[in-house]
Amino acid sequence: MKYDSIIIGGGISGLVCGIKLLKAGKKVAIVSSGQSALHFNSGAIALFGRKDGKDVLHPLDEIARVPEGHPYAKLGMDTIKRLLPEVKPLFAEAGITLVGSDNENHYRLTPTGMFKPAWLSMLDYASVSRPDSLPWGKVAIINITGFLDFYPDFIARGLNLAGLQCEARDFTVPELETLRKSSTEMRATNIARFITGDVIRRFAAEVNRIVAETHADTVLMPAIIGLFDEEPVRLLKEQVVCPLYYVSTMPMSLCGMRAQMRLRNHFQHLGGAYLIGDTVCSGNFDGGRLKEISTVNLGDMTLEADRFVLATGSFFSHGLEATPNKVFEPIFNLDVNVSGPRVEWCDVDLYKDQQYMKFGVVTDESFHVYKDGSRIDNMQAIGAVAGGHDALKEESGGGVAILTALKVASDIINELK
Ligand SMILES: Cc1cc2nc3c(=O)[nH]c(=O)nc-3n(C[C@H](O)[C@H](O)[C@H](O)COP(=O)(O)OP(=O)(O)OC[C@H]3O[C@@H](n4cnc5c(N)ncnc54)[C@H](O)[C@@H]3O)c2cc1C
């Protein structure tokens, strides 16, 4: 089977790249083996949120100062500014509403009651411009009885520290009784399947009852609604008498799963081939180019393309793997940017800079990968596998994934004209 482009990995970077390529008329396949980091998403995407342990308010100012080798430095400010306006419309076309500004971070409320800088937040997730001036008045934190992946007390404590009055309550509806028989069934994704149609009306009635009893001005609820699309999120909000916002729960992340599903559906709707649950295991190289790849499920049948994109994520998604003394890229054994002896890879102080977080495949300024010291001319790396940034410490993972994906897609579109 021959494609214009094959993308290995169907997380946020692979899907964004694939959608842009399809919209330019290219024939694209994505091969993706399993869950991605999106399944654990917080309800927000970070562009650049922290520097030297401090919150960043203006992400582009910090991006302008990243060191050589950082993916944002390779992209360059002009390209970043050109690509940023593409992000919200691309997600909106897939049915994902993102709010936020490219120039100024807002703050999202975390499941532990802290406020963290964010670039784009999903529809109606609890967020504020600044954590020192919360506009919510008295807050009712309303959980579903028996739902254990949400901690109202943590959130109440965080909001109390910020000077807000809160009251935690819970309720249930008969439709959830079957789930309540086993605590392991009370997960966000299972609950969401029941909250449709009439159940939304009953949910709204219960929430409104609690609002009246507590005299709340604002309601915070766990993100347990809208698994397949945003419609139930909107419907519940419309029927509740005061502003209602959602707080992300412990994984699995409902909004992340919805985003993954909506992006994948959009990719397929545009004509992309999505080989779900298959793993790329090897490739044939010839004259500095990758000719074809093999997958576990397709066996002897290879997949050919003019261009390949590596979007396999970092350690978490097995885009990189490690033994006690070696870090490697497991599909093609591409060159990785690991330097220094093993003892320097991580610091025993968990909160210090961890070198291993920046590990990734070696790429040139246009994200082409290297094997045995030689550039592979038709293969680029995007997202977490491209390395060079500490997604956790900088809170830059989402931005790097999306912007490198859009840039590499632009390169391919220009070259395959
Ligand atoms: C747990 C977790 C939570 C995070 N939360 C956030 C957040 O809330 N906001 C934020 O901005 N950033 C977050 N990040 C940072 C995150 O790294 C990036 O935001 C981004 O999701 C990375 O996307 P990606 O597409 O590069 O990789 P991934 O999302 O890791 O996707 C890689 C995909 O490639 C597939 N794959 C791997 N190897 C193969 C193979 N051989 N064959 C086929 N497929 C393969 C994997 O199965 C996976 O689906 C989080 C990271 C982690 C690990």
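Does F332 count as buried or exposed, and at what relative accessibility? At 4%, F332 counts as buried. The close-ups below come from a predicted model, and F332 turns up again in the second view, alongside its partner F285.

**View 1. F171 meets F203 edge-to-face.** Here's one of the aromatic pairs in the structure, which holds nine of them. The ring centres of F171 and F203 are 5.0 Å apart and the planes sit at 80°, so this is an edge-to-face pair. F171 belongs to strand β12 (residues 166-171), while F203 comes from helix α8 (residues 197-214), so the pair ties together parts 32 residues apart in sequence. Neither ring is left out in the open: F171 is buried at 3% relative accessible area, and F203 is buried too, at 1%.

**View 2. F285 and F332 pair up between a strand and a loop.** With ring centres 5.7 Å apart and planes at 85°, F285 and F332 make an edge-to-face pair. Strand β16 (residues 280-286) supplies F285, and the loop between β20 (326-328) and β21 (368-371) supplies F332, so the pair ties together parts that are 47 residues apart in sequence. Check the burial of each partner: F285 is partly exposed, with a relative accessible area of 27%, whereas F332 is buried at 4%, since the cut-off for buried is under 20%.

**View 3. F115, W136 and Y245 form one aromatic cluster.** This view zooms in on the three side chains of that cluster: F115, W136 and Y245.

**View 4. Two charged side chains sit over tyrosine rings.** First up is K27, which lies over the face of Y3 at 5.1 Å from the ring centre. Then there's R264, whose charged end sits over the ring of Y274, 5.6 Å from its centre.

**View 5. Domain 1 comes up against domain 2.** The protein chain is split into domain 1 (2-100 + 257-415) and domain 2 (126-247). Their C-alpha centres lie 34 Å apart. Where the two meet, eight residues of domain 1 are in contact with 10 residues of domain 2. About 730 Å² is buried between the domains, with carbon and sulfur atoms giving 52% of that area. Looking for salt bridges between domain 1 and domain 2? The count is zero.

Methods:
Residues are numbered from 1 along each chain as its sequence is written. This is a predicted model: local features need pLDDT of at least 70, side-chain atom pairs count only at pLDDT 80 or more; totals for chains, interfaces and linings use all residues. Side-chain values use heavy atoms; hydrogens and water are left out. Rings of Phe, Tyr and Trp (its six-membered ring) pair if their centres lie within 6.5 Å; planes under 30 degrees apart count as stacked, over 60 as edge-to-face and the rest as tilted. Helices (H or I, at least four residues) and strands (E, at least two) are DSSP runs, numbered from the N terminus. Buried means under 20% relative accessible area, exposed over 50%, partly exposed in between (1.4 Å probe, protein chains only). A charge sits over a ring if NZ of Lys or CZ of Arg is within 6 Å of the ring centre and within 35 degrees of the ring normal. Domain bounds come from an automatic or database domain assignment. Contact means heavy atoms within 4.5 Å. Buried area is the accessible area (1.4 Å probe) that two parts lose on being put together, summed over both. A salt bridge is a side-chain nitrogen of Lys or Arg within 4 Å of a carboxyl oxygen of Asp or Glu.
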